[in-house]
Amino acid sequence: MPTETTLHDAAGARIADLLLDEADGARWCVLLATHAPTGVLAPALLTAYSGYRVVTKDDELVGLLVGAGARIRRRAHDYEFDLAAVPAEWAEAAAPPGFRLSREMDPVALGPAKDAANPPGHPDHETGMDHVADLRELLSGAVIGANVPAATWQVSDGDGPCGGIVVSERAARDGGTFTWVLDVFVHPRHQGRGLGGVLLRRALAGAAAAGYPRMGLVVTDGNPARAVYDRVGFRLVSSGTSVDVP
């Protein structure tokens, strides 16, 4: 469960409001608001949140943290979709001829497609990643919350699974629960055919039917999938940089 807290200086003055969370195998510290100059805030964060992944919109703060040994992890953009606005017809969004949609996910068969969708040079490429094991972990609910079967889909062509979307529950700051896209991918040989949009529309419709209020996702800066999220109707909420604090 995300926890809001405050960071104080040595004199007890409040210098930042923070959101602490654990997800994707990391401890996160998200800056919600700052009340002190970056020159005061940076050393306080380095002391109080060593080992955390700090997320901020302040480029000057990023520079100070990096100068002190932190490592930039990702520049990314948060998106949301109000599920009350999902058109009813999206529940029947059809894949192009020759493709089949299914809620039965096959991590072993999907692994090569996920790998091919994130080649070297892609913003989300991770050298040496075991994509089969990663999909199993995402589907297990161990990352940030329980899997949402109604919003998790696989698409296949004549040769087998070639893309998918994995959606989980996520705890909200107000104590409620919403949905979160952990991954969506399509094998490069089928990109440009609208499959990503179909997967997203089916996921949004499924989450809406299951009674969730909204769906969120984060996309790495430079990822071409961002254009798909814009076309489907996701709304940009914020942008920021995450840095790993030593």
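**Exercise 1. Determine whether Arg-53 counts as buried or exposed, and describe its surroundings.**

Solution. Begin with the cut-offs: a residue is called buried under 20% relative accessible area, exposed over 50%, and partly exposed in between, with a 1.4 Å probe and protein chains only. Arg-53 has a relative accessibility of 11%, and therefore counts as buried.

Before going further, note that this is a predicted model, in which local features need pLDDT of at least 70 and side-chain atom pairs count only at pLDDT 80 or more, while totals for chains, interfaces and linings use all residues. Residues are numbered from 1 along each chain as its sequence is written, and side-chain values use heavy atoms, with hydrogens and water left out.

Next, place the residue: Arg-53 belongs to strand β4, where strands (E, at least two residues) and helices (H or I, at least four) are DSSP runs numbered from the N terminus. Then list its contacts, a contact being heavy atoms within 4.5 Å. Not counting residues up to four places away in sequence, Arg-53 touches Ala-26, Arg-27, Trp-28, Cys-29, Arg-73, Ser-242, Val-243 and Asp-244.

Finally, widen the view to the strand. In a regular strand the side chains alternate between the two faces of the sheet. In β4, Arg-53 and Val-55 lie on one side and Val-54 and Thr-56 on the other, and all of these are buried, so that both faces are covered.

**Exercise 2. Work out in what order the eleven strands form the open sheet, and which strands stand at the edges.**

Solution. Two strands pair if DSSP finds at least two bridges between them. Followed across the sheet, the order is β1-β2-β3-β4-β11-β5-β10-β9-β8-β7-β6, and the pairing is mixed. The edges are β1 (3–8) and β6 (100–102), each of which has a single partner strand, so one side of each is left without a neighbour in the sheet. On average, neighbouring strands are turned by 30° against each other, direction ignored; axes are lines fitted to C-alpha atoms, for helices over the stretch in contact, and angles run from 0 to 180 degrees between N-to-C directions.

Individual pairs show the mixture:

- β3 and β4 are parallel and share three bridges, with Val-54 in β4 as the bridge partner of Cys-29.
- β5 and β10 are antiparallel over seven bridges, and Tyr-79 has Leu-217 in β10 as its bridge partner.
- β9 and β10 run parallel, joined by two bridges, and Trp-180 has Gly-216 in β10 as its bridge partner.
- β6 and β7 (residues 153–157) are antiparallel over three bridges, and Arg-100 stands opposite Ser-156 in β7.

**Exercise 3. Find which residues of helix α2 (residues 59–67) are buried, and what covers them.**

Solution. The buried residues of α2 are Leu-61, Val-62 and Leu-65. They cover an arc of only 105° around the axis, which puts them on the same side of α2; the arc is that of the directions from the helix axis to the C-beta atoms. The face turned away from this buried side carries the exposed residues Asp-59, Glu-60 and Gly-67. The cover over the buried residues includes β3 (26–34), α1 (38–48), β4 (53–56), β5 (71–82) and β11 (235–244).

Now look at the two ends. At the start of α2, a side-chain oxygen of Asp-58 comes to within 2.9 Å of the backbone nitrogen of Glu-60, and after the helix comes Gly-69, whose phi is positive, near 110°.

**Exercise 4. Identify which residues have the most contacts inside the largest nonpolar core, and which element gives the largest share.**

Solution. A nonpolar core is a set of buried Ala, Val, Leu, Ile, Met, Phe, Trp, Tyr and Cys residues joined through side-chain atoms within 4.5 Å. The largest has 34 residues, and those with the most contacts inside it are Ile-165, Leu-204, Met-215 and Phe-234. Two or more residues each come from β5, β7, β8, β9, α5 (195–209), β10 (214–220) and α6 (226–232), and the largest share, eight residues, is given by α5.

To see one member in detail, take Leu-204: leaving aside neighbours within four places in sequence, Leu-204 is in contact with Phe-81, Leu-83, Val-86, Trp-90, Met-215, Val-232 and Phe-234. Apart from this core lies another, of 21 residues, among them Ile-15, Ala-16, Leu-20 and Tyr-49.

Notes: Polar contact = N/O pair within 3.5 Å; in protein donor to acceptor, adjacent residues only side chain to side chain.
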